[in-house]
Amino acid sequence: MPTISMFFGIVIRMYFDDHNPPHFHAIYAGNKALYTFDGELLEGSMPPKQHKLIAAWAAIHQEELEANWELASNEDTVFKIDPLR
């Protein structure tokens, strides 16, 4: 699963052959969660501070996430997205 961003110990990944609805995977210190591109938690759990960071990052990069989902759906290579700083 390609890593598309990393920030503050959080790893963001997107699968090539994943299922709908469009989403990304976030991993932090043993916690795993799926998020929509507008930052809504779909599945899993994340500590509150990291959840807020992930939701903010998703809101900032929603268009890039959508573009990556389109690439992944067509089995193309996804691109890296800038981390939070």
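In this predicted model, five strands build an open sheet whose order is β1-β2-β3-β4-β5, with antiparallel pairing. The edges are formed by β1, residues 3–7, and β5, residues 41–44, each of which pairs on one side only. On average, and with direction ignored, neighbouring strands of this sheet are turned by 25° against each other. As a general background to this arrangement, strands of a sheet pair through backbone hydrogen bonds, in either a parallel or an antiparallel manner.

The sheet may be followed from the edge strand β1. Its partner is β2, which covers residues 10–13; four bridges join the two strands, and they run antiparallel. Within this pairing, Thr-3 has Arg-13 of β2 as its bridge partner. The connection between β1 and β2 is a hairpin with two residues between the strands. Phe-8 is placed in this loop between β1 and β2, and its backbone deserves attention: phi of Phe-8 is near 50°, a positive value in a residue other than glycine. For comparison, most residues other than glycine have a negative phi.

Further along the sheet, β3 (residues 24–28) and β4 (residues 31–35) run antiparallel and are joined by five bridges. In this pair, His-25 stands opposite Leu-34, a residue of β4. Strand β3 also includes residue 28 within its range of 24–28, and the side chain of Tyr-28 leads from the sheet to a helix through a polar contact of 3.3 Å with the side chain of Gln-50.

Gln-50 belongs to helix α1, which spans residues 48–60. Is this residue buried or exposed? Gln-50 counts as buried because its relative accessibility is 9%, and the cut-off for burial is under 20%. When its neighbours within four places in sequence are left aside, Gln-50 is in contact with Ile-10 and Tyr-28. Ile-10 falls in the range of strand β2, residues 10–13, and Tyr-28 in that of β3, residues 24–28. The contacts of Gln-50 therefore link helix α1 to two strands of the sheet, given the extents of these elements.

The last site to consider lies beyond the second helix. Glu-75 is found in the segment after α2, the helix of residues 62–73. Glu-75 has a positive phi, of about 60°, although it is not a glycine. What is the relative accessible area of Glu-75? The value is 68%, so Glu-75 is exposed, the cut-off being over 50%.

How values were computed
Residues are numbered from 1 along each chain as its sequence is written. This is a predicted model: local features need pLDDT of at least 70, side-chain atom pairs count only at pLDDT 80 or more; totals for chains, interfaces and linings use all residues. Side-chain values use heavy atoms; hydrogens and water are left out. Two strands pair if DSSP finds at least two bridges between them. Axes are lines fitted to C-alpha atoms, for helices over the stretch in contact, and angles run from 0 to 180 degrees between N-to-C directions. Buried means under 20% relative accessible area, exposed over 50%, partly exposed in between (1.4 Å probe, protein chains only). A polar contact is a pair of N or O atoms within 3.5 Å; within protein, one must be able to donate a hydrogen and the other to accept it, and residues adjacent in sequence count only if both atoms are side-chain atoms. Contact means heavy atoms within 4.5 Å.
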